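Got the viewer open? Here is a walk through the model, one selection at a time.

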Amino acid sequence: MALNFWQSTLGKKIVMGATGLIMIGYLCAHLLGNMKIFFGPGEFNAYGHWLRVMGAPVLHHEWGLWIARIVLLAAVVLHAVSAYQLSRRDIKARPQKYVHTKPRMSYATRTMRWGGVILGLFIVWHVLDLTTGTTHSGGFQEGHPYQNVVDTFSTWYGNVIYIVAMLAMGMHVRHGFWSAAQTLGAGNHTRDRALKAIANALAIVLTAGFISIPVGVMTGVVS
Amino acid sequence: MTSYSEYSEYTEYTVGEPIQDEQAPSGPVNERWDTRRFEAKLVNPANRRKHTIIVVGTGLAGGAAGATLAEQGYHVVQFCYQDSPRRAHSIAAQGGINAAKNYRNDGDSIHRLFYDTVKGGDFRARESNVHRLAQISVEIIDQCVAQGVPFAREYGGLLDTRSFGGVQVSRTFYARGQTGQQLLLGAYQALSRQIAAGNVEMHARTEMLDLIVVDGRARGIVARDLVTGRISTYFADAVVLASGGYGNVFYLSTNAMNSNATAVWRAHRRGAYFANPCFTQIHPTCIPRSGDHQSKLTLMSESLRNDGRIWVPKAKGDTRPPAEIPEDERDYYLERIYPSFGNLVPRDIASRAAKNVCDEGRGVGPGGQGVYLDFADAIARMGRKAVEEKYGNLFDMYERITAENPYEVPMRIYPAIHYTMGGLWVDYDLQTTVPGLFAIGEANFSDHGANRLGASALMQGLADGYFVLPSTINDYLARNPHKDEVDASHPAAVEAVRETEDRLARLLTVDGDRTPDSFHREIGELVWEFCGMARTDEGLRKALDRIPQIREEFWRRLKVPGTGEEFNQSLEKANRVVDYLELAELMCLDALHRAESCGGHFREESQTPDGEAARGDEEFSYAAAWEFTDTGAAPVLHKEQLTFTYVHPTQRSYA
Amino acid sequence: MKLTLRVWRQKNPDAPGAMATYELDGVSQDMSFLEMLDVLNEELIVKGDEPVAFDHDCREGICGACSLVINGDAHGPERTTTCQLHMRSFQDGDTIDIEPWRASAFPVIKDLVVDRSAFDRVIQAGGYITAPTGAAPEAHATPVPKADADFAFEHAECIGCGACVAACPNGAAMLFTSAKVNHLNVLPQGSPERETRVLDMVAQMDAEGFGGCTLTGECATACPKGIPLFSITAMNKEWLRATRKVKR
């Protein structure tokens, strides 16, 4: 059963849609948490600490965080693997291009594949930069996320990578949310305007929200 | 010997033995079908798998027959020239399908449908066949609903019906303007199920080019794979032709471009009699041709005449735009000539009246071959919205083709060939004069007489395919168990293949300077001119003189590029034209010999004093079944005398 | 009108193809697109060249045979079938590119003719209601709510032309498959096979090598019969429901 499900193009799409929604949910929570950066290092660092004791005393130290990480990792991997397999299949299904071509899909639709790849690479960089500190620009300090963020956005490339990735994320979410709704069978004529509005709102709020952080650092609101 | 023309030997046909339908039981007409079904021998279900039946065509009749025979356990080998069985031209039927359900409680009954059909056919159809058709009509609707055909429904969830084609009861079931499509897809889906189950071996893009007759029985066909060009033979215990009508003889018709007469004509050449070829139906509400490039004509539902008013200018050669022609300079000729029926007179009358006014030089549009169908009054009376609801899709279609907005400018319409009532002669079992060869749907001649009523073609195709043939073919198979296997090495098969290959090779080697289409157009225009809406002795003789000349020129000047061993649409076309060039001749001869007017066949010599069709029942109350002798040689006429016990012939009157 | 036509010519399935250029004069605005090609072919035949092969039959927009990609659009610039497209949609002096449907599930047979038998096999996998002839109950025994009947009809209008596949950047057949699934699954007559139908048809669609859906909406834009994109959504819902109900 599970195998049949996974082998079908529809099954894979459903996996993509469901994992995509999980990630959108995570992004919303992530954004809300990040907004604390505008309230100073104390509040932001305390939030960073809370993430580690989340669920206590039921959960052991960092268990909550690791559960979230595992779920997210699984979502990213399933999302990426199904996207990869479906894309390969799609390209094979249309081996010969038309001589007369014209762009017609919306930009967000056309950039799903490359946008997805960009986001994948970004996630790796983002984790190495701000979670493990491996590629962090100025002395990474465990437990001082506020300063780490400020450091990252004090370099030109940190800003460029982040802002480009967030724009890609916005477009990915815009088509992705609506698309997931269709894949999961939730769309119809009457609901479509609402779904599109939600998709647009999500895309704009998430993009603007995340970009506000480097902008804040650059303008000195956050320092 | 009856001699007609001093020029054409073809007109010197001989009258052979009368022919009779020996399968229809006697007794009350409403019991005959039950009696026949009971008397027919059955094939043991366990033995059916051993019987192979070839079905040519996948329209309503063929698709339904293939599916049903396969359900019964027969091994069906089916063919269509299209790339998929779903594309047969039944798909283009718009209006609806009649059935004597009497859901409206408006006085309909099987007997009334029977009566209307016999009368509508102008008393040239068999009572027993027509009654059976009316009986079965009821089951067809049940069958189609069970298959998921999305008929129009009312708010209560029950089926909607409408009145159609001038009858006074609402017995026409419909699916918007796409009834044919929906019924065909139902049959196609039933067929698909049998293909998946391995009971039907489907050969798409494969065209039947000849019939193989062994020891007097139809045992197989020669067919060409249209993709590879390969000629193959297929063998069976019986062959069913469901290949449709021959309206494309006229070049311009509402038939599909590739609909053709080759299967029936080749069967005719192998011994199947061809009945009433001159009975062709002309539909009054088609979109007129826009120029010489015209490749086909598009029909618009007759329902338009319910609210549109037909007119032409009173003055000849009046080229003013319609809006500038004042009311008193317009001639609403149908309302004038037929005050009680007005714009709703039957198809043939409406068509001829349009031809007459155009012949007088009062036609409108390019070439003066059109009349106005005006909705201005309907829009004023019902409001534009109501008109849009009722006819919106037809108006859109019209606008797409003509680029004129019918809400503002009157539509232009002109009659076009639409259906052929004639076809292979069959008995009550739908068997032709070649044992083992059956013809169903439009390919046979049986049920519509000289004129078909609206919404009856779908009914007949499905009746034949779902119910009649699957009952009657058992009897033939049970009585004729073929012990001897026939294969491609049989002399009859070898001969048929050789003839086919020779014909195709000859078409490819003429290497002249004219395209197959140019000949098709020429023969079509000739037949339309002289064997179209109105026919005269003189005109038909002219046509009969001209046809052999065209045929001679065809074999001298034809050009077909490419080879026979590949996908070659020019070759396909040329091969079909070969048969049109012979069939056209038989149509004209049939029209010439039938010196009466009846139904779709109007002989100008045979009119009532007020210009209506005058039937000649004393002399012509028969179906004319023609026996082939040779190309261009006089055929033999076999008459099937028609008797009317239940519906007594009366002269139609619509004045 | 005078036109320059650039047409895909390919001798057979195995031969390489290429665009060939033809000049065509004397084209009338009233011609349908296929009548314009007829004129070209008549000229080619007389010159001794091979005419351009293309599928066509009813020429009234219902059989679904015609299948040309015109200037990059399946069935050309209007929302209709190629046979119902008229030359008044083009300008004098235009260059028109004419290509066949492109999808690996629709291999080219010759020139502009492709093999769409994959569609037939998708229908064979379950696009029917099992109702052997003669076994049908009285038609009025099961009323169908008008809304359901209309929904079924809207989807039953599909003509199986394949424009959806041709237009889809992934060569997906989702719109075609969903149209039939929705037509039959909404009807009470279709409910006994509701789950197996959608599962089997989707499996066959995949097996034919059609791509997956990325909801670009190209299919619905190209569909000459206006089958809506939500048809795909509805099928997704049916499929999900069926995977829950049927254990395979």
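Start by selecting chains B and C together: 66 residues of chain C are in contact with 62 residues of chain B, where contact asks for C-beta atoms, placed from the backbone, within 7 Å. A quick word on ground rules: this is a predicted model, in which local features need pLDDT of at least 70 and side-chain atom pairs count only at pLDDT 80 or more, while totals for chains, interfaces and linings use all residues. Residues are numbered from 1 along each chain as its sequence is written, and chains are lettered from A and ligands numbered from 1 in the order in which they are written.

Now colour the chain C side of that contact by element. Those giving two or more residues are α1 (33-47), β6 (108-110), α2 (117-124), α3 (146-156) and α5 (174-185) of chain C. Helices (H or I, at least four residues) and strands (E, at least two) are DSSP runs, numbered from the N terminus. The top contributor on this side is α1(C), with 7 residues. Switch to colouring by class and you get 32 nonpolar, 17 polar and 17 charged residues on the side of chain C that touches chain B. The classes work like this: Ala, Val, Leu, Ile, Met, Phe, Trp, Tyr, Cys and Pro are nonpolar, Asp, Glu, Lys and Arg are charged, and the others, Gly among them, are polar. Of the 2 pairs of chains that touch, B and C have the most contacts.

Next, flip to the other side of chain C. Which chain meets 36 residues of chain C with 34 of its own? That is chain A. Select β5 (95-99), α6 (194-207) and α8 (230-245) of chain C, each of which supplies at least two residues to the side that touches chain A. Helix α8(C) has the largest share there, 8 residues. By class, this side has 15 nonpolar, 13 polar and 8 charged residues. Chains A and B, on the other hand, do not touch, and their nearest C-alpha atoms are 21 Å apart.

Stay on chain A for a moment and hide the rest. You should see 9 helices and 0 strands. The C-alpha atoms fill a box of roughly 55 × 45 × 35 Å along the principal axes. Of the 223 residues of chain A, 30% count as buried. Buried here takes 20 or more other C-beta atoms within 10 Å of a residue's own, exposed takes 12 or fewer, and partly exposed is in between.

For one residue to click on, try L78(A), in helix α4 (63-93) of chain A. Is L78(A) buried, exposed or partly exposed? L78(A) is partly exposed, because 18 other C-beta atoms lie within 10 Å. Leaving aside neighbours within four places in sequence, L78(A) is in contact with V15(A) and T19(A).

Over to chain B, which is divided into domain 1 (1-279 + 421-649) and domain 2 (283-418); these bounds come from an automatic or database domain assignment. The domain centres, taken over C-alpha atoms, are 31 Å apart. Where they meet, domain 1 puts in 18 residues and domain 2 puts in 24. On the domain 1 side, you'll find 6 nonpolar, 12 polar and no charged residues.

Still in chain B, show the strands and look for an open sheet of 5, in the order β7-β3-β2-β11-β19, with parallel pairing. Strands pair if DSSP finds at least two bridges between them. The edge strands are β7 (200-203) and β19 (437-439). Strand β3 (75-79) is joined to β7(B) by 4 bridges, and F79(B) has H203(B) as its bridge partner.

Last stop: the largest nonpolar core, of 302 residues. A nonpolar core is a set of buried Ala, Val, Leu, Ile, Met, Phe, Trp, Tyr and Cys residues joined through C-beta atoms within 7 Å. V240(B), L241(B), L424(B), C588(B), C164(C) and V165(C) touch the most other members. Helix α16 (569-593) of chain B gives the most to this core, with 14 residues. Apart from it lies another core, of 23 residues, including F44(A) and F210(A). To finish, centre on C164(C), whose contacts beyond four places in sequence include A173(C), L175(C) and F176(C).
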